[in-house]
Amino acid sequence: MWLLMAVLSAFFAGLTSVLAKGGIRGTESDVATALRPGVVLAFAWLMVWVTGAAAGLSSVSARSLLFLGLSGLATGGSWLFYFKALSMGTVGKVVAVDKSSTVMTVLLAIVLFGETNNLPLRLLSVAVLGAGIWLMLDRRGAGTGKRARAESVTPVTDPVAPADMRWVPYALLSAALASATSILAKVGIRDVDSNLATALRTAVVLVMAFVVVRAKGKQGMIGRTPRRDLGFIALSGVATGASWLCYYYALRGGPVSVVVPVDKMS
């Protein structure tokens with residue numbers, strides 16, 4: 001069942017991106033990022049109520065709360081660094097580095113959780129993933145083409161120049177925090193219903209998103225969000241909630257080193 005949930009998580013995550021694209025046409029990205037977790041939170045708590053998982057809230061240990069909270073903070077931090085990297089580098093390269101989180105997560109799961117079944121095959125898969133990421137990153141002409149210039153916020157004249165690599169630390173931090181999200185969540189949901197864990201963790205992401213909006217002075221834009229964008233953001237939030245519910249169900253029952261790569265099919 002956990003494998004099916006991991007596949008569904010990937011499906012809903014892919015749907016999230018498509019719907020989110022429609023929600024940011026006339027809405028600032030930070031504002032959209034803050035609004036979407038609100039929908040996810042409402043959806044997650046609805047599922048908690050429907051499944052009766054709320055009864056277990058009082059029995060959640062301080063240790064689980066700590067790790068779920070840290071997982072939520074890692075998610076928020078990953079988003080912040082990811083969009084910072086996107087504002088400085090080309091989309092193709094930033095995404096390639098960010099997806100190295102899959103490699104990090106699989107290796108950490110092997111070390112921390114002892115997920116060594118079929119270890120040679122897993123290590124080979126990690127090596128293939130790493131090679132693919134490197135090939136995506138090391139496209140010498142990617143920064144000079146017309147399409148690459150259109151994708152980049154700032155013009156890239158020399159893709160190998162040191163000045164053009166300032167986005168790399170942010171992309172690596174995004175990947176590291178994305179990896180930490182899964183590892184911390186795995187620890188936090190061991191004794192917690194996956195629906196309840198998703199709701200608790202999403203609350204942390206929501207608070208962090210609004211803190212960022214407030215810090216940037218963009219809270220006034222929330223009330224001016226176009227209705228059409230709100231509709232797409234709401235649908236994107238529902239898809240995100242469904243993806244997270246499936247993901248944490250899969251993570252609770254299956255090995256991290258398998259669940260995470262399947263989820264990345266999104």
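Which handedness does the crossing of H5 and H8 have, left-handed or right-handed? The crossing of these two helices is right-handed, and we will come back to it once the rest of the chain is in view. Keep in mind as you read that this is a predicted model.

Let's start with the overall make-up. The chain contains eleven helices and zero strands, so its elements, read from the N terminus, run α-α-α-α-α-α-α-α-α-α-α. Of its 266 residues, 45% count as buried. The surface that the chain exposes comes to about 13,300 Å², and carbon and sulfur atoms supply 68% of that area. Contacts also reach far along the sequence: among those with a separation of 6 or more, 87% are between residues 24 or more positions apart.

Now look inside. The largest nonpolar core has 29 residues, and those touching the most other members are Ile-189, Leu-196, Tyr-247, Tyr-248, Leu-251, Val-256 and Val-259. Several helices each supply at least two residues of this core, including H1 (2–23), H2 (29–51), H3 (62–86) and H8 (168–188). H9 (194–215), H10 (227–253) and H11 (256–263) also each contribute at least two. H10 gives the most, with six residues. As background, nonpolar side chains in soluble globular proteins tend to be buried together.

Tyr-248 is a good residue to click on here. Setting aside neighbours within four places in sequence, Tyr-248 is in contact with Ser-71, Thr-181, Ala-185, Ile-189, Ser-194, Thr-198 and Arg-201. One of these partners, Ile-189, is listed with Tyr-248 among the core residues that touch the most other members.

Next, consider how the helices pack. H3 and H9 have axes 8 Å apart and meet at an angle of about 40°. These two helices are therefore oblique to each other, and their crossing is right-handed. On the H3 side, the contact is made by Leu-65, Leu-68, Gly-69, Ser-71, Gly-72, Leu-73, Thr-75, Gly-76, Gly-77, Trp-79 and Leu-80. H9 answers with Ala-197, Leu-200, Arg-201, Val-204, Val-205, Met-208 and Val-212. Two of the residues in this contact, Ser-71 and Arg-201, also appear among the partners of Tyr-248.

H8 is another helix worth following, as it packs against both H4 and H5. The axes of H4 (residues 91–98) and H8 come within 8 Å and cross at roughly 35°, in a right-handed crossing. Here Val-94, Val-97 and Asp-98 of H4 meet Ala-171, Leu-172, Ser-174 and Ala-175 of H8.

That brings us back to H5 and H8. Their axes are 9 Å apart and they pack at an angle of about 40°, which makes H5 oblique to H8. From H5, the residues involved are Ser-101, Met-104, Thr-105, Leu-108, Ala-109, Leu-112 and Phe-113. They meet Leu-172, Ala-175, Ala-176, Ala-178, Ser-179, Ser-182, Ile-183, Lys-186 and Val-187 of H8. Leu-172 and Ala-175 thus serve in both contacts, facing H4 residues as well as H5 residues.

Just past H5 there is a backbone detail to notice. Asn-118 sits in the loop between H5 (101–113) and H6 (119–137), and its phi is near 50°, a positive value in a residue other than glycine. For comparison, most residues other than glycine have a negative phi. Asn-118 is exposed, with a relative accessible area of 57%.

Finally, a few residues show how distant parts of the sequence meet. Lys-216, in the loop between H9 and H10, is partly exposed at 47% relative accessible area. Lys-216 and Asp-30 are 186 residues apart in sequence, while their C-alpha atoms are 9.0 Å apart.

Pro-261 belongs to helix H11 and is partly exposed, at 25% relative accessibility. Its C-alpha atom is separated by 8.6 Å from that of Val-103, 158 residues away along the chain. Beyond its neighbours within four places in sequence, Pro-261 is in contact with Thr-102, Val-106 and Val-256.

Ser-266 lies in the segment after H11, and is partly exposed with a relative accessible area of 47%. Leaving out neighbours within four places in sequence, Ser-266 is in contact with Ala-10, Ala-13 and Gly-14. The C-alpha atoms of Ser-266 and Thr-16 are 9.4 Å apart, although 250 residues separate the two along the chain.

Terms used:
Residues are numbered from 1 along each chain as its sequence is written. This is a predicted model: local features need pLDDT of at least 70, side-chain atom pairs count only at pLDDT 80 or more; totals for chains, interfaces and linings use all residues. Side-chain values use heavy atoms; hydrogens and water are left out. A nonpolar core is a set of buried Ala, Val, Leu, Ile, Met, Phe, Trp, Tyr and Cys residues joined through side-chain atoms within 4.5 Å. Buried means under 20% relative accessible area, exposed over 50%, partly exposed in between (1.4 Å probe, protein chains only). Helices (H or I, at least four residues) and strands (E, at least two) are DSSP runs, numbered from the N terminus. Contact means heavy atoms within 4.5 Å. Accessible areas come from the Shrake-Rupley method with a 1.4 Å probe; for residues, only the protein chains shown count as cover. Axes are lines fitted to C-alpha atoms, for helices over the stretch in contact, and angles run from 0 to 180 degrees between N-to-C directions. Angles under 35 degrees count as roughly parallel, over 145 as roughly antiparallel, 65 to 115 as roughly perpendicular and the rest as oblique. A crossing is left-handed if the near helix is turned anticlockwise from the far one by less than a right angle, and right-handed if clockwise.
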